[in-house]
Each structure stands twice: as C-alpha cells, then as structure tokens.
2 protein chains.
Amino acid sequence: MAAIPAPVPAVDAATGVLTGATAHYRKTLRDLEGVFSDDQAFARRLAAAPGEVVYDVYEVQRSQAPGDLIFGTSILEPGVVGSEFHMTRGHLHALVDRVETYYCLRGTGVLLLESVPGGIETIELRPGVVAYVPPARIHRSVNTGNERLITLFCYPADAGHDYEIVHAANGMRSLVVRAPGGGWALVDNPRYRQRDA
Amino acid sequence: MAAIPAPVPAVDAATGVLTGATAHYRKTLRDLEGVFSDDQAFARRLAAAPGEVVYDVYEVQRSQAPGDLIFGTSILEPGVVGSEFHMTRGHLHALVDRVETYYCLRGTGVLLLESVPGGIETIELRPGVVAYVPPARIHRSVNTGNERLITLFCYPADAGHDYEIVHAANGMRSLVVRAPGGGWALVDNPRYRQRDA
C-alpha cells in the first residue's frame, strides 16, 4: 500500500488558490497592455497601479501525453478598464480539436467563445455551472461581477495554447462591457481585424 | 452572436444532480451483487431494501473523439455492507493511458487506485480536493463518511471503460472498511484473484 505523494491538490474555496499546483502564473495590469480596447482608460489604470493583479492561474500538469489532463484554477479579480470588464487574454488550443471544461466555483461572469470564422457565443458563469468549450473555439473568461470569478478548468495535456491568434486580430470580435442599466452586454470590438478563415 | 443551447450544465451543490446531463445511471443494491465482500451482509441488505440507491452518475458527453472530454457528477450514498463502505464498481479505462480527475464537492471518502500489477494507492477525498487518477489505474470511489460523497469528474471522451477486469479478479486487492476505532482502514480482499500482469 502506498499513498499518493503529498500534497494532494486542493482548492481553497474562498481564494481559489490550488495547493499542490505544479505551476502558477499571475497577470498584472502591465502584463496586459493592448488587451483591453480603451487605451486611455488602460493608461490611467496602469499609471495608478501598474502591478495590480488582474488574474492568477494555478495548475497541475503531470505530462504532455495524449490522454493526460491538465487541471487548475483561474482567479479573475473584478474590475473594468473603461467599460470593459476584466478578462483573461484568451486563447485557442494549438491542437484545435481539444476541448476544455470550466466549473464555476465562485462569482459571476461570461465565458466568451469565438469560432475561427468569427461566430461569437457566450456562456454565463455562476457557481455550479460547468461551461464546455467545444473544439476550435477561441475562449476567454470575463468577470462581470463585483467579486472574484473563480473557475476550475480541465483540458487535455497535449492541447497547447495559441495566444497569437487573439493578439493578431486585436482581440476577439466582441467586447463584454458594463451595460448602461447594469449587468453586461456584448458590443462589437472596433479594432477587430478579421481573421483568415 | 449566438448563445450555447440551453440548458447549460450546472451542478446542484446540495444533491449533486447535474442539470443538462446527456446521461444518467443509477446503481441500486440489486445491481451490485458480488461487488461487496461480505455475501451474508449483502443478502441481508438486499432482502430489506433491494431497490435502495447506492450511487447515481450524471454525465455530459458530446462525442467520443480524441481531444473531447466527458464530465459529470458521481453521488455516492453513505452506508456499509458488513464492514465495507459503499463504493462504485470500479473500472480501468479501456485506453489505459487515459487519466481522470475527481473534484470533491461534498462529503468524505477515498479514491482507491490499483495498478494492474496490484499496487494499491489511496487519495482521501474532502471538499476542495482534486484527485488525479494516473494512467493505468483501476479506480473506485468509496464513501467513508455519514453524508453523500459528491464528486465532479472529467476524463477523455475516448477513454472507454473496462469493468470486467475488476469483476474477474473478485474486486480490487484491498477493501476499504470501517476501522474499529472509527474512520477507515484498508484490509486485504480475501477473495482477490491475482491479475495477470
């Protein structure tokens, strides 16, 4: 008989921190230059607090083998840049048929999905929701609430990440913004550069 | 713009029921004949309440494609058969390198893992733990507590299930039983038939 080596990964429900993670990365405002649409609003936020954390990711990866899985937590702080809600950079899996699941542990938000020809879909996140990212979807998490958005994600270990496809198009086709009456709305991204299908 | 077709899958935290599931199966006592070690204790439980639920599984599967994922909830009722705690049948993935994750939502238990040469490992489950089943491990969930054990699982959609490997060996090498002083203990399965390595 043998125990799995400690520490067994565990999520702190309040903070989203994953103990036992094999990797952790953090994105502050200064890491996200060019990601938000409103350059002036971004410059103001950056000047005030360049090291302010926008999101943290903790993950466990054992291998890159097909059939293995990577899992972890994403912790997205609440806030806006202009009218646009805090969000992750967004990516497509390098192996485009690799899907992903996001289980929402805390907070409220939107998972924004874009197919490479440009179709936009949204999945509203609230605690208990399991959002499924189908094959070939660029995806990003957006925190539309007033508290941290914490999700537990899982995806195939051989998926890989393509961030450049988002960067090269100046983002995704739509922005998730604070709606005038409260809540969120999708608006066209004015800087969007059509991708080659 | 288009929304993902409703209903978006969501877990009821109290019951573990997954709305939006594409499949649900239930195992009652009568479905589990031969799974527990103590035949006389099993016969008594069966005579008293043959339709008593031992566990429910809800899952979402979109395809069997490599790179796709199946996710869902496992809801294991508390109880014992003799001294052995309620548990799932246990299986090996037909594609043996496919791993699995179990996020514990509620309750306490043990994930019992057995490599095909016969090595036993255990992972204690409590809310927040993410248990990882490495490649080539027979695995089963065991409820060692007094309330439902609810987990959210995720595994590759092409994994498949081999239940026969457990059945043919009269179970797994070890039993998870109520310890004399409370809590749980591993004991040898007296009926275990060594697998061919």
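The following dialogue examines a predicted model of two chains, A and B, and the grounds for the terms applied to it.

Student: What makes chain A a confidently predicted part of the model?

Tutor: The predictor's confidence in each residue runs from 0 to 100. Chain A has a mean pLDDT of 94, and 95% of its residues reach 70 or more. For the model, the scores are ipTM 0.94 and pTM 0.95.

Student: What is the relation between chain B and chain A?

Tutor: Chain B is superposed on chain A by a rotation of 180 degrees, with 0.0 Å of shift along the axis and an RMSD of 0.0 Å. That is the relation of a two-fold axis.

Student: How do you know that the copies meet through the same surface?

Tutor: Of the interface residues of chain B, 100% are also interface residues in chain A, so the copies meet through the same surface. The contact takes 39 residues from chain B and 39 residues from chain A. On the side of chain B that touches chain A, at least two residues each come from S1, S2, S6, S9, S11, S12 and S14. The largest share, four residues, is supplied by S11(B).

Student: How do the residues of that side of chain B divide into nonpolar, polar and charged?

Tutor: The side of chain B that touches chain A has 28 nonpolar, six polar and five charged residues.

Student: Why are both faces of strand S12 of chain B called covered?

Tutor: A residue counts as buried if 20 or more other C-beta atoms lie within 10 Å of its own. In a regular strand the side chains alternate between the two faces of the sheet. In S12(B), residues 130–133, Val130(B) and Tyr132(B) are on one side, Ala131(B) and Val133(B) are on the other, and all are buried. Both faces of the strand are therefore covered.

Student: How do you know that S9(B) and S12(B) are paired strands?

Tutor: Pairing requires at least two bridges between two strands. S9(B), residues 100–106, and S12(B) have four bridges, so the criterion is met, and the sense is antiparallel. Within this pair, Glu100(B) stands opposite Val133(B).

Student: Which strands are the edge strands of the open sheet in chain A, and what makes them so?

Tutor: The open sheet has six strands in the order S4-S5-S6-S14-S9-S12 (chain A), with antiparallel pairing. S4 (23–28) and S12 (130–133) of chain A are its edge strands, as each pairs on one side only. From one strand to the next, the twist averages 20 degrees.

Student: How many bridges support the pairings of S14(A) with S6(A) and with S9(A)?

Tutor: S6(A), residues 69–76, and S14(A), residues 149–156, pair in the antiparallel sense over eight bridges. In that pairing, Leu69(A) has Pro156(A) as its bridge partner. S9(A) and S14(A), which also run antiparallel, are joined by five bridges. Here Arg106(A) is matched with Ile150(A) as bridge partner.

Student: What joins S9(A) to S12(A), and why is S9(A) called mostly covered?

Tutor: Four bridges join S9(A) to S12(A), and the two run antiparallel. Tyr102(A) of this pair has Ala131(A) as its bridge partner in S12(A). As for burial, six of the seven residues of S9(A) are buried, and the strand is mostly covered.

Student: What makes the phi of Asn170(A) worth noting?

Tutor: Most residues other than glycine have a negative phi. Asn170(A), a residue other than glycine, has a positive phi near 60 degrees. Asn170(A) is placed in the loop between helix H2 (164–168) and strand S15 (174–178) of chain A. In chain B, Asn170(B) has a positive phi of about 60 degrees and is not a glycine either.

Student: Why is Asn170(B) called partly exposed?

Tutor: A residue is buried at 20 or more C-beta neighbours, exposed at 12 or fewer, and partly exposed in between. Asn170(B) has 14 C-beta neighbours inside 10 Å, so it counts as partly exposed. Asn170(A) is likewise partly exposed, with 14 other C-beta atoms within 10 Å.

Student: Where is Ala179(B) placed, and how do you know whether it is buried, exposed or partly exposed?

Tutor: Ala179(B) is in the loop between S15 and strand S16 (184–188) of chain B. With 13 other C-beta atoms within 10 Å, Ala179(B) is partly exposed. Leaving aside residues up to four places away in sequence, Ala179(B) touches Trp184(B) and Ala185(B).

Key. Residues numbered from 1 in each chain as written. Chains lettered and ligands numbered in written order. Predicted model: local features only at pLDDT ≥ 70, side-chain atom pairs only at ≥ 80, totals over all residues. Least-squares fit on C-alpha atoms with pLDDT ≥ 70 in both. Contact = placed C-beta atoms within 7 Å. Nonpolar A, V, L, I, M, F, W, Y, C, P; charged D, E, K, R; others polar. Axes fitted to C-alpha atoms, helices over the stretch in contact; angles between N-to-C directions.
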